[in-house]
Amino acid sequence: MSANWQLRSSAFTLELRHRFTLANSSRTTTPTLLVELEYDGIVGYGESAMPPYLGETQATAAEFLARIDLALLRDPFRTAEVLGRVNAIAAGNHAAKAAFDIALHDWLGKVLGQPWYRIHGLDPEQAPVTSYTIGIHAPETVRQIAAAASGQYRAFKIKLGGRQDREMIGAIRDAAATPIRVDVNQGWHDRDHALREIEWLATQGVELVEQPMPVASVDDLAWLRERSPLPIVADEAVQRLVDVRSAAGVYDGVNIKLMKCTGMREARAMIERARALDLRVMLGCMTESSCAISAAAQLAPLVDWADLDGALLVANDPFDGAMLSDGRIVPCERPGHGAVPRSIADPRVESSAR
Ligand SMILES: [Mg+2]
């Protein structure tokens, strides 16, 4: 069986609708590597989305994928064995591993003729509303973005840790009453300051605070969690399954992303482990095309909070997949993860999308 497997990858640059500024970086594009895994005329699609600050590149992801011996797909349904061996090829390379995992899941779902939410036994109606991310901007720009987005989205996520945190929250509140989730990206360094800010945020319709302080500030984060009126969610502190246990007692929840945790298989295991540790779960994303977002959306019915707007921030999405409906990213009905290249889904947009 292995002789006929093919794994192809191609570099693609995602162009963002708005410049995306965090507490410690700013950019207008995100590099991604699009992957096709083909056997017997069936193609599974995968993606490695790689924000530059995480260290992987299109070149390192392509090199990693080239090291996968496709003979290990002798029985592609043995995902524990197959993905375990892919994981063992080298440390790191989380986004590259995710591309292979996503493509394999897509291929398997197509062979089974079912979307993954059905294979996992989930109700797509249980997918929570997704937040729409607003980067660090001048307050007037924030107000305009919030006003334009408030009809379509039922939650915002705003990046704080800059110099105008309260002004940006105020700008959203001038535009809309939409619930807000706050992501500080480790940007606060004093726990008393962090607590004061969180106590104020709790009066502004904020639902949760993500990674308020640096990952290494474990004692301060635990101190903050005991006093915070809002749930504190780990993002940078939790990459993979092995990290989930360390979040208990320090955070109230974890933000799981396919590009951090190597894909759908490990994400599902992380969700289950988090539940067992009484942690709440957010399913997040990087700036990604609808390929990786559609894969994550298949797991969305399992989580408390979705932050799956990555493809909605992209101006040149090369895939047609999970769509926004009543503020939620709803899993596709098509088999696998359900995303298909726009050149297949709609030939009219081929030239602009690829
Ligand atoms: Mg985050």
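This tour goes from the whole chain to its two domains, then to one sheet and one helix packed on that sheet.

**Whole chain.** Start with everything shown, bearing in mind that this is a predicted model. The protein holds 14 helices and 15 strands. Along the principal axes, its C-alpha atoms fill a box of roughly 60 × 45 × 35 Å. A compact globule of 354 residues would have a radius of gyration near 20 Å, and the protein has 20 Å, so the two agree. Colour by burial, and 51% of the 354 residues count as buried. Among contacts with a separation of 6 or more, 69% are between residues 24 or more positions apart.

**Two domains.** Next, colour residues 2-113 as domain 1 and residues 118-353 as domain 2, following the domain assignment. Their centres, taken over C-alpha atoms, are separated by 21 Å. Across the boundary, 36 residues of domain 1 are in contact with 35 residues of domain 2. To see the domain 1 side of this boundary, select strand 1 (6-21), strand 2 (26-39), strand 3 (42-49), helix 2 (79-88) and helix 3 (94-112), the elements that each give two or more residues to it. Helix 3 gives the most, with 12 residues.

**The open sheet.** Now select strands 4 to 11. These 8 strands form an open sheet in the order 4-5-6-7-8-9-10-11, with parallel pairing. Its edges are strand 4 (132-134) and strand 11 (305-306), each of which pairs on one side only. Zoom in on the strand 4 edge. Here strand 4 runs parallel to strand 5 (residues 156-159), and the two are joined over 3 bridges. Show I134 as sticks, then look across to strand 5: the residue opposite I134 is I158.

**Helix 11 on the sheet.** Keep strand 9 (253-257) and strand 10 (280-284) in view and add helix 11, which lies across both. The angle between helix 11 and strand 9 is about 175 degrees. Helix 11 covers residues 264-276, and at 1.5 Å a residue its 13 residues should span 18 Å; the end C-alpha atoms are 19 Å apart, which agrees.

Which residues of helix 11 are buried? Select M264, R265, E266, A267, M270 and A274. As background to that list, residues three or four places apart in an α-helix point the same way, because there are 3.6 residues a turn.

Finish just past the helix. Select D278, which follows helix 11 and has a positive phi, near 65 degrees.

Note on methods: Residues numbered from 1 in each chain as written. Predicted model: local features only at pLDDT ≥ 70, side-chain atom pairs only at ≥ 80, totals over all residues. Helix = DSSP H or I, 4+ residues; strand = E, 2+ residues; numbered from the N terminus. Expected span 1.5 Å × (residues − 1). Buried ≥ 20, exposed ≤ 12 C-beta atoms within 10 Å, placed from the backbone. Pairing = 2+ DSSP bridges. Contact = placed C-beta atoms within 7 Å. Axes fitted to C-alpha atoms, helices over the stretch in contact; angles between N-to-C directions. Rg over C-alpha atoms; globule rule 2.2 N^0.38 Å. Domains from an automatic or database assignment.
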